[in-house]
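This report sets out the fold, the interior and the charged contacts of one protein chain. The sequence and the structure are shown first.

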Amino acid sequence: MVKNAFISVISQEENRGSVEFQVVSFTNKIRRLTSHLEFHRKDYLSQRGLRKILGKRQRLLSYLAKKNKVRYKELISQLDIRELKTR
């Protein structure tokens, strides 16, 4: 339940164009689509949408990691998602 509290706090105080807000909203969509796909395994359009959102979130996180490593680390720990793989 801590994740939901963080998400509601960030949506009230930050602007919707910030990288953090966009990553949080994508994470919400990803979690919702993942739970949907557990019941509807053959919903291929939702699987495609999930992959597109995952790619968008990955690009935003890599941008944030390049620009501000501290904000990136905070966001990763608060959302409880894995770090990006570095090449």
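Of the 87 residues in this chain, 32% are buried. The model is a predicted one, and the accessible surface of the chain comes to about 6,700 Å². Carbon and sulfur atoms account for 52% of that surface.

The chain contains four helices and zero strands, giving the pattern α-α-α-α when read along the sequence. Among contacts between residues at least 6 apart in sequence, 48% join residues that are at least 24 apart.

Confidence varies along the chain. The average pLDDT is 86, and 82% of the residues score at least 70. The two extremes among the elements are tabulated below.

| Element | Mean pLDDT | Rank among the elements |
|---|---|---|
| Helix H1 (residues 2-13) | pLDDT 54 | lowest |
| Helix H3 | pLDDT 96 | highest |

Where pLDDT is low, the predicted coordinates should not be read in detail. Among the elements, helix H1 has the lowest mean value.

The interior is described next. The largest nonpolar core comprises 18 residues, and those with the most contacts inside it are Val23, Leu61, Tyr72, Leu75 and Leu79. Helix H2 (19-39), helix H3 (44-67) and helix H4 (69-79) are the elements that each give two or more residues to this core. H2 supplies the largest share, seven residues.

Helix H2 merits a closer look. Its buried residues include Val19, Phe21, Val23, Val24 and Phe26. Further along H2, Thr27, Ile30, Leu33 and Leu37 are buried too, and Glu20 also belongs to this buried set. The length of H2 can be checked against expectation: at 1.5 Å a residue, its 21 residues should span 30 Å, and the end C-alpha atoms lie 31 Å apart, which agrees.

Which residue forms a salt bridge with Glu20? The partner is Arg71, with the closest N and O atoms 2.5 Å apart. Because Glu20 lies in helix H2 and Arg71 in helix H4, the pair ties together parts that are 51 residues apart in sequence. The structure holds one salt bridge. Side chains of opposite charge can pair when their charged atoms come close.

Are the two partners buried or exposed? Glu20 has a relative accessibility of 8% and therefore counts as buried, the cut-off being under 20%. Arg71, at 36% relative accessibility, counts as partly exposed.

Key. Residues numbered from 1 in each chain as written. Predicted model: local features only at pLDDT ≥ 70, side-chain atom pairs only at ≥ 80, totals over all residues. Heavy atoms only, no water. Core = buried A, V, L, I, M, F, W, Y, C linked by side-chain atoms within 4.5 Å. Buried < 20%, exposed > 50% of the residue type's maximum accessible area, 1.4 Å probe, protein only. Expected span 1.5 Å × (residues − 1). pLDDT = per-residue confidence, 0-100. Contact = heavy atoms within 4.5 Å. Areas by Shrake-Rupley, 256 points an atom, 1.4 Å probe, with all protein chains shown as cover. Salt bridge = Lys/Arg side-chain N within 4 Å of Asp/Glu carboxyl O.
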